[in-house]
Structure formats: structure tokens, C-alpha cells
Amino acid sequence: MVLPVKRWFAVAFLAGAVAISEKAASAADNWKIIKVRGSDYLGVDNISQFYGLPAGIAASSEKVEFETVKNPLEFVGGSREAMINGARSWLCFPLIEQDGKHLVSRTDVAKTIEPLVRPHRVANVGNVQTVVLDPGHGGYDKGQVSRYGYEKDFALDVARKLRPSLQAKGLRVIMTREGDYFVPLEVRAKIANAARNSIFVSIHFNATNDDPNATGFEIFSFTPRGAPSTSDTALTSSSFNMQPGSGVDAQSMALSACIYHSLLGHIPEFDRGIKRARFAVLRLTKVPAVLIEGVFLTERGESKLIAKKEWRAKLAHAIGVGIESYQALPVKKQPPMLVADYRRQTKLEPAEPVSQEGNLKEVDASLISLVGESKFVSPQQMSTPSKVSSLDSAPIVP
């Protein structure tokens, strides 16, 4: 029987709509929402089943390390700490227990676990033409200080070493500063927001007054709306709900994952984790953005590493590989390499040659033209202040 065109189209459309609705219903059926004091939670067993990834629960007193964790999803009782695919990650809200079941906030399933486990499924992920490199501090703002030098100089050197390797991959690279001068935080964000299809990567080194033995890497993206930052302790504060979120939160988390796994995979430093913060440069950027805290200038051994140009070149290379991994997500349509993959690869392959810094093409004048000369602080104004099939299922939405 031949149907009239309009009728045939209507029947086809209805059949397609039914198929889509059945698929959506099936995906929704995968999740079993549990209400706790008015908030939505999901069981760890439910999460494990959905993603097809084994999950474990460590005691709150247990030390969770890459070498000892056997499960792709490892949570810590009563804590925001988790190990996801071999990298430490910090949830927005702590794991809770009710009626013998361990529960994770629905927000964390959508905003933390989903983009870390399946970054290739994030909408508009990896759409990169321009990388805005932001060497922290500059000018009168020295950043942290070690006996070997200033954070501002080390961060600038890493960015300069990273730039030519990104350009060699066909990416446009803009530096928020080319030399030793201060650029206001809002200007750094404005530079990123004005660039076409850009990501923002801010480079810093860490320090602490509390623990001279503190070591390791950590990376930050912007805190989701209604959630506390990783460093916040008052988790029940209603003020968190007043804080704005970001329209590119998932892309930023995916970028964090790609860069952080590369960092840990190439440089076996202590894993401090993938974290959240409301730093100004993250809050003001409208594009996928991360802030990298390299190792500690306040720790004797790590401060020596930072002072070595060969080590800084290695750091730049690891960041560059992570950015390339992020850019490849929509092309490969599969999860990126993980820390374990990089470490296996490092054992099999010869060391990468250290690239030279190359010529700087977009210099100070281009940035002044972009944002206006009045936005920069002049020297006269400066003062010195102190993989399984189930991974293709639909994600949960917040």
C-alpha cells in the first residue's frame, strides 16, 4: 500500500517520536532517585551499574592512592574525596550512608562523575581553535617565592615553552602576558572571551604556610551553581545557591580531566586532585577554563624541580598533550587517555624531545588593542603589596 506523502510523513514522525520517548524512558529507568532531606541522591551501586564500572567504598580513615585503588570508581565514606579512573577528584558534596546504602549527590553525578567518566559525550566539547595561556601574576605581583625565584617568572617560562608545541598542532595561541608586567584578572578573562572558539589555561605554582612538606599537582575549574567549592567547609550554607554557575561547566571539567591525567601520567607527582573554585579568572571567563597549580614552591625538593628549565619543559609538554587530548574528544568520540595509559606509554616510548620556545607572534600591542590601554597598570601606578557499552547510555541531568 502506498500512503500519501503527508500521511506517510506523519506516520514516520510518530514512529520516530515513540522510539525516542521509549529510549528516554529506558534511560530514565536506569536511575533510582533517593530523597534525603529534600535533596536528590543516587546509590553507588546504581551509578556503578549505569556506567558499567566497578565501584568501591573506602573507610574514611583509609588512605586512597593510585597504586592501591582497584576500582575505576572509588569513594570515601563521609567524604568528598573520590578516585575516578585513577585520578583523585573532589565531589561537591560528601558521600552519605542511609539504610545501609552509600549515596552520591545527584549534582555530583551530573556535574562531576559524568564529565570525568565520559568527557567525549559533553556537548560542544573539544571545539578549540584558540588556546589562551595565562601565566599567573606578573610585574609587581611576584606570586609565591622560593629561594630559586618567583612564581611569576616560572609560570611565564612554562607558557612560553608550551606555546610552540600548540602552534605546531595548528592552534592559535594567545598569551595574556608576554613579559614581566601585571595584567588585571578581568582583562585576562576578557582576552579569552573575545577569542574565537577558545579555551583558557591559567598556569600557577603552589605554596602553603601550613605544611612545608605539602607536594603535588591540583587543577581547578569553576564551582557549579548551588554547590560549595572544594576548599569550603560550611557545606550547608544557603549562600551557595546565590552564586552563579557557568554555561560551560561540563566542558571545563572535561578539559580538567584531559590535562590532569596527562600531568600525572607524565610526571609522577602526588595527586592532589581535580577540584572546584570560584577564582576570579574562572568566574569571569565564559569559555572552558582551568587553573593549574603546579608543584609547591614551599617544598624543598619541588622548588628545586621548578627551578630546572628541563623540568619546566616537561611540564609544558604534559599540559600540551592534555590540551591535544581534549581537542580530540569530538573526533575520536571515546574517552581520553588516563593516567595509567600515559604511564604505560612512557615505559614503552623514548622521551619526547624538548621543544624550543619559538618566536612570539602576538605581542603586547595586540592585547592592548583588544582590551584598551587603560586596562593595564602602568609602571608609575605600580605599588608593591604584600570503556564499556553502557557508557553510551544517556546521562542524568541535574
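This tour goes stop by stop through a predicted model, saying what to select and what is there.

Residues are numbered from 1 along each chain as its sequence is written. In this predicted model, local features need pLDDT of at least 70 and side-chain atom pairs count only at pLDDT 80 or more, while totals for chains, interfaces and linings use all residues; side-chain values use heavy atoms, with hydrogens and water left out.

**Stop 1: the four-stranded sheet**

Select β1, β2, β8 and β7. Helices (H or I, at least four residues) and strands (E, at least two) are DSSP runs, numbered from the N terminus. These 4 strands form an open sheet in the order β1-β2-β8-β7, with antiparallel pairing. Two strands pair if DSSP finds at least two bridges between them. Look at the edges: β1 (34-36) and β7 (96-98) each have a single partner strand, so one side of each has no neighbour in the sheet. Neighbouring strands are turned by 50° against each other on average, direction ignored.

Now take the pair β2 (residues 39-43) and β8 (residues 101-105). They run antiparallel and are joined by 3 bridges. Pick Y41: its bridge partner in β8 is S105.

**Stop 2: helices on the sheet**

Add α3 (residues 106-117). This helix packs on the sheet and touches β2 and β8. Its direction makes about 60° with that of β8. Axes are lines fitted to C-alpha atoms, for helices over the stretch in contact, and angles run from 0 to 180 degrees between N-to-C directions.

Next, select α2 (residues 44-51). Helix α2 lies across β2 and β8, at about 65° to β2. How many of the 8 residues of α2 are buried? The count is 6, so the helix is mostly covered (buried means under 20% relative accessible area, exposed over 50%, partly exposed in between, with a 1.4 Å probe and protein chains only). Highlight V44, N46, I47, S48, F50 and Y51, the buried residues of α2. They pack against β2, β3, β4, β8 and α3. Contact means heavy atoms within 4.5 Å. Step on to G52, which follows α2 and has a positive phi, near 70°.

**Stop 3: β3 and β4**

Select β3 (residues 55-58). In a regular strand the side chains alternate between the two faces of the sheet. Along β3, G56 and A58 point to one face and are buried. A55 and I57 point to the other face and are not buried. Add β4 (residues 73-76): β3 and β4 pair in the parallel sense over 4 bridges. A55 stands opposite L73 in β4.

**Stop 4: two helix crossings**

Two packed helices are described by the angle between their axes and the distance between the axes. Show α3 with α6 (residues 249-266). Their axes come within 9 Å and cross at roughly 50°. The two are therefore oblique to each other (angles under 35 degrees count as roughly parallel, over 145 as roughly antiparallel, 65 to 115 as roughly perpendicular and the rest as oblique). The crossing of α3 and α6 is right-handed. A crossing is left-handed if the near helix is turned anticlockwise from the far one by less than a right angle, and right-handed if clockwise. Show K111, T112, P115 and L116 of α3 against D249, A250, M253, A254 and A257 of α6. By class, this contact of α3 with α6 has 6 nonpolar, 1 polar and 2 charged residues. Ala, Val, Leu, Ile, Met, Phe, Trp, Tyr, Cys and Pro count as nonpolar, Asp, Glu, Lys and Arg as charged, and the others, Gly among them, as polar.

Switch to α4 (residues 151-168) and α9 (residues 309-327). They pack at an angle of about 50°, with axes 8 Å apart. That makes α4 oblique to α9. Their crossing is right-handed. On α4, the contact residues are F154, D157, V158, K161, L162 and L166. On α9, they are K309, R312, A313, L315, A316, I319, G320 and I323. The contact of α4 with α9 has 9 nonpolar, 1 polar and 4 charged residues.

**Stop 5: positive phi in two loops**

Most residues other than glycine have a negative phi. Select H137, in the loop between β9 (130-135) and β10 (145-146). H137 has a positive phi of about 65°. Is H137 buried or exposed? At 18% relative accessibility, H137 counts as buried.

Move to N197, in the loop between α5 (185-194) and β13 (198-206). Its phi is positive, near 45°. N197 is partly exposed, with a relative accessible area of 26%.

**Stop 6: V331 and G126**

Finish at V331 in α10 (residues 329-332). V331 counts as exposed, at 66% relative accessibility. Add G126: the two are 205 residues apart in sequence and 8.5 Å apart in space, C-alpha to C-alpha.
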